[in-house]
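Got your viewer open and the selection box ready? Let's take a walk through this one, stop by stop.

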Amino acid sequence: MGNLTESNVITGVPGSERFVQDFEKGVLQSTLKISVSQLNFYYGPRQVLFDVSLNIADRKITALIGPSGCGKSTFLRTLNRLHETIHGTRMEGEVLLDGQNILELDVVRVRRRVGMVFQKSNPFPKSIFENVAYGLKINKMGGRGLIQEIVEKSLHRAALWEEVKDHIHKSAYSLSGGQQQRLCIARALAVDPEVLLLDEPCSALDPIATAKIEDLLMDLASTCTIVIVTHNMQQAARVADHTGFFLLGKLIEFNKTDIIFKNPARKETEDYITGRFG
Ligand SMILES: Nc1ncnc2c1ncn2[C@@H]1O[C@H](COP(=O)(O)OP(=O)(O)O)[C@@H](O)[C@H]1O
Ligand SMILES: [Mg+2]
């Protein structure tokens, strides 16, 4: 992890002197997992992200908050090149994963290293087992015994194993909404990603299912870097180490979560988190 402390990594408002200094030193790679610099993003002629620079710390939880339409999902997709699947998009700037430009890496490998879980749980019309085994099979990872083992381990990591172990060959659709979302997390974990991106994973879930996912994310953070988009500010406050606030395609403020919620530097952030934004 190098000798850098967390305060070196997250240094307040982008553009502020300290942020720029630390960012430009470029020495943070040992504690940073992803480093985004000067990202601009366009759908056709329309620009929706403006000069976003953001550091994501290794094995921490980073939350991205902001009103609907401000570019959170778009930003998340650039972190594993998923935007390339959307016709007519263009990205400028740089996304480094462990210091390497992700555009210079094999895209399949990038998406294996940086997994994604979506807002609406989307299990395949297959059994619980086959859902989790899917990524292993298409990536030709492991024989039958190993797949069995990894499926079980992934369901454990996704805090679902105890609930499904006796009917693992039943349809994924037999599970509740919260269980289906944990199944999607298990499916993403099966290929052992280094980073997990989650786009509003709890927005369709009740408070109990939400609490389970939050506990799970906090456990996972010891082994995996997590970036979560959420419209639920209490959720960000509960789970995230660092929080970024987006507004109209710009990263307005990025800092340790308690600073964002208790002592934000920018008026826009304060207005948003106190519900005055309108
Ligand atoms: N596939 C797309 N094609 C064109 N415009 C899009 C597409 N996806 C999102 N946008 C636009 O980009 C902006 C940011 O959207 P998005 O990243 O989904 O924001 P958020 O996740 O914060 O709600 C919005 O104005 C939205 O309409
Ligand atoms: Mg979104």
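Here is a tour that goes from the whole chain to the ligand, the strands, two loops and the core.

**The whole chain**

Keep in mind as you go that this is a predicted model. Start with everything shown as a cartoon: the protein chain comes to twelve helices and ten strands. Now colour by burial, and the buried residues should make up 40% of the 278 residues in the chain. If you like contact maps, draw one: among contacts between residues at least 6 apart in sequence, 69% join residues at least 24 apart.

**Around the ligand**

Next, select ligand 1 and bring up the residues around it. You should get Y43, V48, G66, S68, G69, C70, G71, K72, S73, T74 and I86. Colour that shell by class and you'll see four nonpolar, six polar and one charged residues. Which helix gives the largest share of the shell around ligand 1? That's α3, residues 72–78, with three residues.

**The hairpin and its sheet**

Y43 is a handy stepping stone, since you already have it selected from the ligand shell. Follow it to its partner: Y43 stands opposite R46 in β2. Then show β1 (residues 32–43) and β2 (residues 46–57) together; they pair in the antiparallel sense over eight bridges. Another pair to click on is F41, which stands opposite L49 in β2. At the turn, the hairpin has two residues between its strands, and G44 takes a positive phi near 55 degrees there.

Now widen the selection to the rest of the sheet. It is an open sheet of four strands with antiparallel pairing, in the order β2-β1-β4-β5. The edge strands are β2 and β5 (100–101), each of which pairs on one side only.

**Two loops with a twist in phi**

Got a Ramachandran plot to hand? Most residues other than glycine have a negative phi. Go to R59, in the loop between β2 and β3 (61–65). R59 has a positive phi of about 50 degrees, although it is not a glycine. Is R59 buried or partly exposed? R59 counts as partly exposed because it has 17 C-beta neighbours inside 10 Å, and a buried residue needs 20 or more.

For the other example, jump to D192, which you'll find in the loop between α8 (177–189) and β7 (195–199). D192 isn't a glycine either, and its phi is positive at about 60 degrees. With 18 C-beta neighbours inside 10 Å, D192 also counts as partly exposed.

**Into the core**

Time to go inside. The largest nonpolar core has 65 residues. Select A63, I185, A186, L196, L197, V227 and I228 to see those with the most contacts inside it. Helix α8 gives the largest share of this core, six residues.

Centre the view on I228. What is I228 in contact with, leaving aside its neighbours within four places in sequence? Highlight I61, A63, L198, P201, L217 and A240 for the answer.

**Last stop: helix α9**

From that list, L217 takes you to α9, where it is one of the buried residues. Add T210, K212, I213, E214 and L216, which are buried in α9 as well. Among the elements covering these buried residues are β3, α8, β8 (225–229) and α10 (233–239). To finish, put a ruler on α9 (residues 207–220): its 14 residues reach 20 Å from first C-alpha to last, close to the 20 Å expected at 1.5 Å a residue.

Definitions and conventions: Residues numbered from 1 in each chain as written. Chains lettered and ligands numbered in written order. Predicted model: local features only at pLDDT ≥ 70, side-chain atom pairs only at ≥ 80, totals over all residues. Near = placed C-beta within 6 Å. Nonpolar A, V, L, I, M, F, W, Y, C, P; charged D, E, K, R; others polar. Pairing = 2+ DSSP bridges. Buried ≥ 20, exposed ≤ 12 C-beta atoms within 10 Å, placed from the backbone. Core = buried A, V, L, I, M, F, W, Y, C linked by C-beta atoms within 7 Å. Contact = placed C-beta atoms within 7 Å. Expected span 1.5 Å × (residues − 1).
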